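Thanks for sharing this one. Here are a few notes to read with the model open beside you.

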Amino acid sequence: MISKKVRELFTSMMEAQSEGTPVTYDIETEQYTGYFNQAVVNKFIDAGLLELVDETDGLSCLIMNNRDDFLSGFASGVNEARLGRDQYYADYNANPFAFSVGFEHFLYLNKKPRLLVGYICHGFINDETGEIYVQ
């Protein structure tokens, strides 16, 4: 089970846009900028998943190592949860952690379906186009 604080960190990164979201994502530099829970960030910096680029007055700029693998695992977790499958499929994914974050994030949002209307997050279906959102 993924803790709420960990899920919130990674989902804020999966929801990031170039502007207009609490966490922003720069497509050219692949950097995420926002106000993050520093204790959680430090845990994942120590684990090698994240790198701190800059930190000024609480505003952090991060790079996600192996980002493509994480995005793939996250989207797979969202998809499996959407299909009503079991989280044990994480064992067969290249990034079980990302799979579990995506899986649990979908289940959390699915408890409150009104949150999914117009929701933009990596791996979720865009209601307007019917396509899966990929950044």
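1. Let's start with what packs over helix α2 in this predicted model. The elements covering its buried residues include α1 (4–14), β3 (50–56), β4 (59–64) and α4 (96–110).

2. Which residues of α2 are buried? In this helix, which spans residues 38–46, they are Val-40, Val-41 and Phe-44. These residues lie on the same side of α2 because they cover an arc of only 100° around the axis.

3. Turn α2 around and you will find Ala-39, Lys-43 and Asp-46, which are exposed on the other side.

4. Both ends of α2 deserve a look. The N-terminal end is capped by Asn-37, with a side-chain oxygen 3.1 Å from the backbone nitrogen of Ala-39. Just after the helix comes Gly-48, whose phi is positive, at about 90°.

5. Now to a helix pair. Two packed helices are described by the angle between their axes and the distance between the axes. For α3 (residues 67–82) and α4, the axes come within 6 Å and cross at roughly 40°. α3 is therefore oblique to α4. The crossing of these two helices is right-handed.

6. If you would like to display the side chains at this crossing, which residues make the contact? From α3 they include Phe-70, Gly-73, Phe-74, Gly-77 and Ala-81. The α4 residues include Phe-97, Phe-99, Gly-102, Phe-103 and Phe-106. Charged residues take part too, among them Glu-80 and Arg-82 of α3.

Terms used:
Residues numbered from 1 in each chain as written. Predicted model: local features only at pLDDT ≥ 70, side-chain atom pairs only at ≥ 80, totals over all residues. Heavy atoms only, no water. Buried < 20%, exposed > 50% of the residue type's maximum accessible area, 1.4 Å probe, protein only. Helix = DSSP H or I, 4+ residues; strand = E, 2+ residues; numbered from the N terminus. Arc of directions from axis to C-beta. Contact = heavy atoms within 4.5 Å. Polar contact = N/O pair within 3.5 Å; in protein donor to acceptor, adjacent residues only side chain to side chain. Axes fitted to C-alpha atoms, helices over the stretch in contact; angles between N-to-C directions. Parallel < 35°, antiparallel > 145°, perpendicular 65-115°, else oblique. Left-handed = near helix turned anticlockwise from the far one by under 90°.
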